[in-house]
Each structure stands twice: as C-alpha cells, then as structure tokens.
Protein chains: 2
Amino acid sequence: MKATIYDVAKAAGVSIATVSKVINNTGNMRDTTRQKVKETMEKLNYQPSLMASALTGKGTETLGLLVPDISNPFFSEIAKTIEDRAHESGMSVIICSTDENTEKEKKYVELLQRKQVDGMIVASSFHNIEILKGVVDRKIPLVMLTQDDAGLGVTSISVDDFKGGYEATSHLLSEGHRDIVIIAEYAKSSKHRIYGYLEAHEEHGIKTSEENIIRTVASIENGRECLRKIVEKGKVPTGIFACNDLIAVGVIQEANEMGLNIPEDLSIVGFDNTILATTTVPGLTTIAQPITEMGKRVVDVIISEIKDKNQKKEHVLFKPQLIIRGTTAVKKR
Amino acid sequence: MKATIYDVAKAAGVSIATVSKVINNTGNMRDTTRQKVKETMEKLNYQPSLMASALTGKGTETLGLLVPDISNPFFSEIAKTIEDRAHESGMSVIICSTDENTEKEKKYVELLQRKQVDGMIVASSFHNIEILKGVVDRKIPLVMLTQDDAGLGVTSISVDDFKGGYEATSHLLSEGHRDIVIIAEYAKSSKHRIYGYLEAHEEHGIKTSEENIIRTVASIENGRECLRKIVEKGKVPTGIFACNDLIAVGVIQEANEMGLNIPEDLSIVGFDNTILATTTVPGLTTIAQPITEMGKRVVDVIISEIKDKNQKKEHVLFKPQLIIRGTTAVKKR
DNA sequence: CTGAAAGCGCTAACAC
DNA sequence: GTGTTAGCGCTTTCAG
C-alpha cells in the first residue's frame with residue numbers, strides 16, 4: 001500500500017506531528033530531525049494525501065473551470081492560460097464543458113462543490129443563474145470570465161464587447177461598406193457587440209435596420225447557414241461582422257462555395273482571434289481578445305478571493321484589438 | 001458553514017449511519033425513513049463531501065489526463081470526448097498540459113497521485129518514462145493514448161500509424177507524385193508513419209531518400225519553416241505529407257506566401273483531421289483519427305481497469321481514414 | 001524542540 | 001431497521 005504519514009513517522013522514529021511539520025514547513029525543530037524525516041519520506045516514496053489534508057480544513061488547491069465546450073479553440077486557448085497560471089500558483093484545474101446545457105450546468109456545479117474546489121471560474125455563458133447563486137451563497141469564490149456578472153455581485157472579467165463591436169463595424173464602414181450584416185450569438189456579450197455595431201453606424205451617419213441583425217449559435221455550420229439565409233433573402237451585403245471566428249469561418253467557407261470572392265465581393269470581420277483566424281485564406285480580420293492576459297487575471301483574482309473572501313468585486317474590462325488580415329478590403333462592388 | 005452528515009442526521013432525527021445509507025443507496029430501511037432523510041438533505045442543501053468519502057477507501061472518482069497542450073485542437077477535441085465519456089460514467093477529469101516538458105511531467109504526475117486520481121490517461125507523448133513506471137508500480141491504472149506503451153506493460157490505444165502513413169503516401173503516389181517529402185515529429189507515432197511512407201514507396205516501386213524525411217515539433221510556425229528550408233535546398237517536391245494538421249497548415253500558409261498554388265504546384269496531406277483541416281482553403285486532405293471512438297474507448301478501458309486491476313493489457317489499434325479534400329490533386333507539374 | 005490527542009466528514013462492520 | 005464505533009491520513013493546538 002501507499003506510505004502514510006504514520007509509516008514515515010515510524011521509520012524516522014518521530015511522531016506524525018513532526019512529520020506533518022516538515023511536510024508543511026512549519027514549526028521549529030532541530031535541523032537534523034527535519035533532515036532525517038525528509039530522507040525517510042524520500043526513501044519511502046511518500047506523497048502526502050491531498051484528500052486527507054483537504055479534509056482537515058486546508059483547501060483542495062483546485063479550481064473549477066466551466067466552459068461551454070473545451071473543444072472550441074477559443075475556450076481551449078483560454079483553458080490553457082488558466083491552467084498554466086493556476087499551476088504557477090500551486091492550483092490545479094478541473095475543466096467541465098457545459099454544452100450550453102442547463103442539466104449539465106447543474107450537475108457540474110454540484111460536482112465541483114462536492115469536490116470542494118476552492119473557487120470557480122465560469123466562462124462565457126451560463127444559463128442557470130440560480131445555480132450560480134447557490135455557489136455564491138455558499139461563499140465559494142466565483143468569477144465570471146467573458147460575460148457579465150448577471151447580478152450575482154461577483155467580479156467579472158471580459159473584453160470590452162461594446163468597443164469591439166464598434167471597432168469591427170467602424171473598420172467595415174470606413175472601408176466604404178454600407179450594407180453590413182452582423183451575425184450575433186444569443187449571449188449577453190453579443191448584445192454589447194450589437195450596440196457597438198449600432199453606435200458605429202450612428203456615428204458614421206449611416207442607418208441600418210433590424211433586418212441586418214441576425215442571431216445564431218456559434219459553429220461553423222451555423223455560420224454557413226446564416227450566409228445561405230442572408231443570400232436567400234435577396235440582397236447580399238458587402239460586409240459581415242460575425243461575432244466570433246467560428247461563425248466567420250463558416251461564412252468564409254460558404255462564400256467560397258457560392259463563388260463569392262473574399263474580400264472583393266464580401267468583407268468579413270470575426271471576433272476572438274483564435275487560431276482559426278490564422279488558418280483561413282485569406283487570414284481573417286478579427287477583433288482580438290487578450291486571451292493570455294485575461295486568463296492570468298482571472299486566476300489571480302480568484303486566488304486573491306480565495307485568500308480573502310469579501311474582497312471588493314470589480315468588473316474588469318480588457319481592451320479589444322482590431323487585427324486586420326485579408327478578409328476585409330475597401331468596398332469594390 | 002456547509003451542512004455535514006451530522007447536521008442531516010440530527011435534523012432528520014436519525015443516525016449518521018442511516019444518512020450514509022441513503023446517500024449511497026445501500027442497506028435496507030423503512031421507506032418512510034429514507035424519504036424523511038432525503039427531504040432533510042434537500043432542505044439543508046446537503047452535498048456529501050467527496051473528499052471525506054475518498055478518504056475512507058472509496059475512489060476519488062476522478063481521472064487524470066495528461067496531454068502535451070490542451071490548446072492544440074487535436075488534444076482539445078480528444079479531451080472533450082474523454083470528458084464527456086468520463087462524466088457519463090460518473091467520473092470527472094483533471095487535465096494537465098505537460099508542454100513536452102520533463103519537469104512538468106513529473107510535477108503533474110505527482111500532483112495527480114497526491115490527488116489520488118483513480119486512473120491516468122497519458123496522451124500522445126511523454127518523455128520521462130521513469131515517472132510513469134512509478135505510477136504503474138503504485139498500481140494506479142494507466143493507459144496510453146495515441147502512443148505505444150513504451151515497455152510499461154499497460155494498455156495503449158492508438159490509430160494505426162503505419163497504415164495512416166502508408167495511405168497518405170499512397171494517395172500522393174497514386175496521383176502521380178514522385179517527389180514526396182514527409183515532415184515528421186520526433187514522437188514514436190511519427191516513426192511508424194515514416195515506415196508507412198517508406199512502405200508505400202517500395203510497393204509502388206518508387207525510391208525515396210533520407211533527405212525527404214525531415215523532422216520538427218508540431219506547430220504552424222515550424223510547418224512554415226520546414227517548407228522554407230525545403231525550398232532553400234533547391235528542389236521543390238510536388239507532394240508533402242505532414243504528420244499532423246498543424247504542420248500542414250503552416251506549409252499551406254507558407255506555400256501561399258511563396259506564390260505556390262495548392263494543389264496545382266504542391267499537394268499536401270495532413271494527419272489528424274482536426275477542425276483546422278476544415279478551415280483551410282482549400283480544405284486539407286488528411287488522415288482522420290477516429291477521435292470520438294478512441295476517446296470513448298480509453299475511458300472505458302481505464303474504468304474497467306479501475307474496477308478490476310490486473311486486467312489483460314492490450315494494444316488497441318484504430319483504423320485511420322483518408323479524407324480527401326482540396327489540397328491534393330493529380331500531379332500537373 | 002517534540003509528541004499526544006482531538007477532530008475533519010464519511011464508510012463499513014457490527015451491535016442492538 | 002437503525003445506531004455505535006472504529007478508522008481513513010492529515011493538521012493543529014496544547015502539553016511536556
């Protein structure tokens with residue numbers, strides 16, 4: 001069987017209390033004792049059980065991360081930075097994909113609670129806010145990433161969606177496009193991007209209509225479908241602002257199949273600047289979210305909340321950045 | 001504070017043993033009692049601590065998954081299927097990205113052991129085999145995914161790399177290409193793909209040389225660099241078999257920048273069939289690994305090993321599938 | 001400086 | 001049927 005603290009104590013000829021002290025580097029003791037214990041731990045290949053220590057009040061040193069779908073590049077990139085930063089701070093991460101599914105949301109949140117995670121990060125979308133209220137009530141540190149706090153009174157970290165939407169649209173507008181369709185998601189963040197889209201139009205003195213705003217669920221397939229529907233309706237826009245790269249890629253693919261040239265016939269702007277934006281041809285003009293900084297920040301925040309609950313909650317907004325690649329150009333048509 | 005089993009017992013007017021029984025659905029008792037306890041649990045919002053139960057001998061119901069880099073689409077796609085399947089079986093997953101870094105490998109494996117995961121899945125590459133020996137010695141179920149068992153005597157699940165390499169090369173060969181470069185990784189799996197590459201040549205009665213085999217670390221940037229180097233050497237091949245999609249994408253991008261037309265001037269075959277293969281233009285011809293089935297299979301295997309250690313170890317080989325898209329065509333040049 | 005002992009929340013015999 | 005009790009492996013006073 002695995003060595004326990006007792007085995008070490010016995011082998012080293014000391015008490016378990018002493019061993020515990022060397023494990024945690026606490027208390028004072030003769031250097032020779034500490035040394036001896038260390039050696040025995042080594043020899044016995046002893047690894048203190050995190051379960052047991054968690055049970056005695058110490059934290060579990062693990063974070064829960066809830067994302068809609070880890071196989072989506074945006075989330076896997078975020079997960080990577082979160083994981084890295086967490087490990088730097090001695091924490092590990094359990095990732096759960098909710099699939100935008102209320103059942104799973106509930107199940108996973110409960111699971112994470114039963115596993116006594118020290119804190120939870122909820123990324124991008126969460127439908128069952130009641131569930132989250134429960135974790136707040138239980139005083140489990142919680143921070144929202146890439147979405148607002150939904151009235152939970154927790155800190156949230158996101159990109160400035162309004163500004164992102166504004167910049168994407170402005171870019172299109174300034175290249176002469178007057179017929180711009182925005183393909184949004186149902187999420188709150190998309191709402192802000194839509195406002196940005198609207199604001200940009202207003203500022204440029206251009207009017208747009210409700211018809212130019214369509215919504216869908218993020219996926220390549222849905223992006224394609226959207227373009228199909230747009231075209232079916234008759235008038236083809238010269239610019240499309242897709243609220244994320246996945247949708248944008250779908251639009252690009254469908255456009256290609258329909259024989260539309262990009263960017264000559266149709267300019268496209270995405271959002272997120274995931275790896276996908278770099279693999280299309282031409283490269284996708286998109287709004288970058290500073291994923292790395294945001295990821296680092298969330299874990300820093302959550303860790304500081306774990307150390308000291310009732311920290312001041314804040315709403316951190318990161319600056320989006322327009323990355324111009326090949327899918328946008330001055331209007332020709 | 002959070003409700004414990006004692007709180008429930010007191011509130012329901014029973015003993016903790018009874019509560020434990022209803023939690024685990026074991027033992028017999030009057031239906032009314034069970035009902036009453038259930039209600040109290042509900043009312044108190046009680047959630048049994050997995051820490052505590054893990055400590056008493058039951059498993060932790062968590063799996064450790066070691067991948068090189070979760071932000072790589074191939075791994076995030078695998079992680080997703082593993083996560084899904086695991087949850088279906090009541091297990092959660094802790095994902096760790098080793099970054100091909102021996103230090104991290106060691107750190108994470110130790111961490112997972114201290115967290116007492118019930119089993120570990122090691123995907124794709126692991127350098128410090130000694131470390132893995134340690135987990136095998138400790139009788140912790142371990143299965144290798146997408147790589148061979150490195151003499152550990154554990155079960156491994158992977159695609160038939162030899163066959164994949166053979167088919168990719170054969171496809172190129174049968175389209176008339178005679179000058180085919182293979183860009184491989186340093187991993188064992190690449191070795192088999194190279195053998196497949198060689199075998200295909202032999203079978204077609206075509207000879208190739210060592211010079212046509214180059215190696216690199218998987219990344220878009222390295223893919224680009226490889227093509228650059230190949231071109232610098234003078235003779236440009238008409239076909240390239242990249243041992244994964246990431247590299248293939250890099251080759252495509254660089255080829256585009258160099259003014260080479262794909263597939264007219266250069267045909268490319270990738271490996272993995274990740275989302276990236278669908279987002280390039282033209283779509284990437286590639287060898288698909290049945291990610292979903294493989295993912296399901298690993299967790300099924302590991303779970304059965306958890307239930308019954310000293311299960312027969314096997315080496316499961318999945319069939320690769322050539323997916324023809326737009327980056328390959330009959331040789332023109 | 002070091003050790004004894006009381007928990008942490010739960011499970012699993014074994015009594016009653 | 002239901003309760004008592006002895007751990008699981010560790011942390012943490014509090015004595016010595």
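Let's start in a loop: in chain B, B:Lys139 sits between helix H7 (129-137) and strand S4 (142-145). B:Lys139 is exposed, with a relative accessible area of 59%, and has a positive phi of about 65° although it is not a glycine. Keep in mind that this is a predicted model. Below you'll find notes on some unusual backbone spots, on chain A as a whole, on one buried threonine and on the two DNA strands.

**Backbone oddities**

- Here's some background: most residues other than glycine have a negative phi, and most peptide bonds are trans.
- B:Asn310 is another residue to look up, since it has a positive phi of about 35° without being a glycine.
- You'll find B:Asn310 in the loop between helix H13 (291-307) and strand S11 (315-318) of chain B, and with 69% relative accessibility it counts as exposed.
- Now for peptide bonds: in chain A, the one joining A:Ile262 and A:Pro263 is cis, with omega at about 5°.
- A:Pro263 belongs to the loop between helix H11 (245-258) and strand S9 (267-272) of chain A.
- Over in chain B, B:Ile262 and B:Pro263 are joined by a cis peptide bond too, and omega is about 5°.
- B:Pro263 has its place in the loop between helix H11 (245-258) and strand S9 (267-272) of chain B.

**Chain A as a whole**

- Chain A has 13 helices and twelve strands.
- Why is chain A described as more spread out than a compact globule? Its radius of gyration is 25 Å, well over the 20 Å that the globule rule gives for 333 residues, so the chain is more spread out than such a globule.
- Along its principal axes, the C-alpha trace of chain A spans about 85 × 40 × 30 Å.
- For a feel of the distances, pick A:Lys233 and A:Met41: they are 192 residues apart in sequence, and their C-alpha atoms are 73 Å apart in space.
- A:Lys233 is in the loop between helix H10 (220-232) and strand S8 (239-242) of chain A, and it is exposed, with a relative accessible area of 56%.
- Buried residues account for 56% of the 333 residues in chain A.
- Take the contacts in chain A between residues at least 6 apart in sequence: 69% of them join residues at least 24 apart.
- About 14,100 Å² of chain A is exposed, and carbon and sulfur atoms supply 50% of that area.

**A buried threonine in chain B**

- Is B:Thr286 buried or exposed? At 0% relative accessibility, B:Thr286 counts as buried.
- B:Thr286 is part of strand S10 (residues 285-288) of chain B.
- The side chains of B:Thr286 and B:Asp245 are joined by a polar contact of 2.8 Å.
- The B:Thr286 side chain also reaches the backbone oxygen of B:Gly270, at 3.2 Å.
- Leaving aside neighbours within four places in sequence, B:Thr286 is in contact with several residues, among them B:Val269, B:Phe271, B:Ala277, B:Leu322 and B:Arg325.

**Around DNA strand C**

- Of the 24 residues around DNA strand C, A:Met29, A:Thr33, B:Ile5, B:Ser20 and B:Tyr46 come nearest.
- Those residues split into eleven nonpolar, eleven polar and two charged.
- Which part of DNA strand C lies within 4 Å of the protein? Sugar or phosphate makes up 69% of those atoms, and the rest belong to bases.
- A base nitrogen of DNA strand C is 3.2 Å from an N or O atom in the side chain of B:Tyr6.
- On the phosphate side, one oxygen is 3.1 Å from an N or O atom in the side chain of B:Asn24, and a phosphate oxygen is 3.1 Å from a polar backbone atom of B:Ser49.
- Helix H2 (16-24) of chain A gives two or more residues to this surface, and so do helix H1 (5-12), helix H2 (16-24) and helix H4 (50-55) of chain B.
- H2(B) provides the largest share, four residues.

**Around DNA strand D**

- There are 27 residues around DNA strand D, and A:Ile5, A:Ser20, A:Tyr46, B:Thr18 and B:Thr33 come nearest.
- Twelve of the residues are nonpolar, twelve polar and three charged.
- Of the strand D atoms within 4 Å of the protein, 66% belong to sugar or phosphate and the rest to bases.
- A phosphate oxygen of DNA strand D is 2.4 Å from an N or O atom in the side chain of A:Tyr46.
- In chain B, the side chain of B:Thr18 has an N or O atom 2.7 Å from a phosphate oxygen of DNA strand D.

Notes. Residues are numbered from 1 along each chain as its sequence is written. Chains are lettered from A and ligands numbered from 1 in the order in which they are written. This is a predicted model: local features need pLDDT of at least 70, side-chain atom pairs count only at pLDDT 80 or more; totals for chains, interfaces and linings use all residues. Side-chain values use heavy atoms; hydrogens and water are left out. A residue is near a molecule or strand if one of its heavy atoms lies within 4 Å of it. A polar contact is a pair of N or O atoms within 3.5 Å; within protein, one must be able to donate a hydrogen and the other to accept it, and residues adjacent in sequence count only if both atoms are side-chain atoms. Ala, Val, Leu, Ile, Met, Phe, Trp, Tyr, Cys and Pro count as nonpolar, Asp, Glu, Lys and Arg as charged, and the others, Gly among them, as polar. The radius of gyration is taken over C-alpha atoms; the globule rule is 2.2 Å times the number of residues to the power 0.38. Buried means under 20% relative accessible area, exposed over 50%, partly exposed in between (1.4 Å probe, protein chains only). Contact means heavy atoms within 4.5 Å. Accessible areas come from the Shrake-Rupley method with a 1.4 Å probe; for residues, only the protein chains shown count as cover.
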